[in-house]
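Work through the exercises below with the model open beside you. Try each task before reading its solution.

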Amino acid sequence: MTGTVGAGVGGGPVAERDPRGRRPGRVRRRPRSTWPKRLALALALLVLVPVLTAGAALRIAYAGDPGPGTQTRGRDAFWLGHAWVDGRKRDADVAALARQLAGTGIRDLYVHTGPLEHDASLPADRYPRARWFLDAVHRALPGVRVQAWLGDVLATESPEGMRLELPPTRDRIVRSTRQVLDTGFDGVHYDLEPLHSGDRTYLRLLERLREVTRSRGAPLSVAAHQIDPLPSLHSVGAALFDHPKWWSQSYFGEVARRVDQIAVMSYDTAMPLESLYGGYVAQQTALALEVTPASTDLLMGLPFFWADDPGHRGSAETVAAAVRGTRLGLSRTDRDRERFGVALYVDFAARDGDWAAYRAGWSP
C-alpha cells in the first residue's frame, strides 16, 4: 500500500516527527534485547545447515549411472511370513511362489518360524507345517535354501522383551537354533530389535551360534540395523531420544565378521523424496561394503511393502530407488564383489510393481 507523506492509513493527519523520527511528547523506549532472536537464528542455522548439506550429499550420491555388471549374483533373499509354516498355505501356494521366483537371483527364503518367547524358548507348535514347507520348496525350487527366521523384541528401550544380558536367555537361543536345524531348516536367520550399537553380549552370542551352525554345515544369517550416515549419529539418537537407530560402521563390521550372511534393513528411513532415499541406500551400501569381509554375504534390503507414516513414505521408499541406490553404491565401492545381493521384505505385502522394479533393475 502506498500513500503521501503526512497522511495516515485512513487519509487523516498524522503527528509530525522530529528529525530523529520520534513523535513529539512520546517517551523514548529503550531498544529491546535482540539476543533471544539471535540465539534462535543460530540454533535454526545449526540444525538447518547440516540437514541441507546432508540432503545435497544424498542427491549427489543418487546421480550418475550404475556400472555394468552391477546386478544379481544369484545370492538374493526373500522374507516370508508365518503363514507358510502354520498351516495356512498349500501345495498350490508353493507352486505359485516357484513361478514368482523363476528367473530371479533369489537363493534364500527367510520364513518366519518364531517369534521366540521372551525367555528365548521356541514352542514347537509355532511351526507345525515346517517339514511340509521344507520338502515342498526343495522339490519345487532345487538349490533354494530355507532358513528359519527367528527373533523377538529386546528389552533395551522398555521393560518388556528379551534380555540378552541374561546367560539363561542366551543358552535358550542356542537351544532354539539347534531345534530348528533338527527340524530340517537349511539355516537360521536372526532379527533381534532394537539392538544397540556396541552391544558386546550380542557379539559373543553370535560366536556361539556360529559354532552350532558350522557344525551342521548351515549358514548363520542376521538382519542388521542401518549404519551411521554421519559420524556417531547413533550416540546422538541415544542421548536425545533413547533410541540409537543406527549402528556405528565399526560395530556393523564386527557383526559381519561373525556371521555368514548379513542383511541391512535399508528401509524405514523417513526420507521424504525418492532421490534422497536412493542416495541414502547408495551411501548405506558403500558403508556396509567397506567393512563386510569378502567371506560374508552382504544383502541390501528392498521395501516390498507400502506405508505412509513418519518413518516410511511410500512414494519415496520405492523398490526402483533402492535398487538403483544399491547398484550405485556397489559400482563406486566394490563392483566385482561376488558375495552380494538384495533381500526383499516382505512376501505378504509385495505388489506387482515391486516385483517389476526388482526384475527390471536387479534381476532382468
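**Exercise 1. Place Ala120 and describe its backbone and burial.**

Solution. Start with the position: Ala120 lies in the loop between strand 2 and helix 3. Helices (H or I, at least four residues) and strands (E, at least two) are DSSP runs, numbered from the N terminus. Next, the backbone: phi of Ala120 is positive, about 80°, although Ala120 is not a glycine. Most residues other than glycine have a negative phi, and most peptide bonds are trans. Last, the cover: Ala120 has a relative accessible area of 0%, so it is buried. Buried means under 20% relative accessible area, exposed over 50%, partly exposed in between (1.4 Å probe, protein chains only).

Two notes on the source. This is a predicted model: local features need pLDDT of at least 70, side-chain atom pairs count only at pLDDT 80 or more, and totals for chains, interfaces and linings use all residues. Residues are numbered from 1 along each chain as its sequence is written, and side-chain values use heavy atoms, with hydrogens and water left out.

**Exercise 2. Find the cis peptide bonds that precede Pro115 and Pro194.**

Solution. Take Pro115 in the loop between strand 2 (106-112) and helix 3 (130-140). The bond from Gly114 to Pro115 is cis, with omega near 5°. Then go to Pro194, in the loop between strand 4 (187-193) and helix 5. Glu193 and Pro194 are joined by a cis bond with omega about -10°.

**Exercise 3. Describe Asp268 and Leu273.**

Solution. Asp268 sits in the loop between strand 6 and helix 8. Its phi is positive, near 55°, and Asp268 is not a glycine. With a relative accessible area of 34%, Asp268 is partly exposed. Leu273 is in the loop between strand 6 (261-264) and helix 8 (274-291). Leu273 has 37% relative accessibility, so it counts as partly exposed. Now list its contacts (heavy atoms within 4.5 Å). Not counting residues up to four places away in sequence, Leu273 touches Arg59 and Ala316. Leu273 and Arg59 are 214 residues apart in sequence, yet 9.8 Å apart in space, C-alpha to C-alpha.

**Exercise 4. How do helix 5 and helix 7 pack, at what angle and how far apart are their axes?**

Solution. Helix 5 (residues 200-215) and helix 7 (residues 249-256) meet at about 20°, with axes 10 Å apart. Helix 5 is therefore roughly parallel to helix 7 (angles under 35 degrees count as roughly parallel, over 145 as roughly antiparallel, 65 to 115 as roughly perpendicular and the rest as oblique). Axes are lines fitted to C-alpha atoms, for helices over the stretch in contact, and angles run from 0 to 180 degrees between N-to-C directions. Finish with the residues: Arg200, Tyr202, Leu203 and Leu206 of helix 5 meet Tyr251, Glu254 and Val255 of helix 7.
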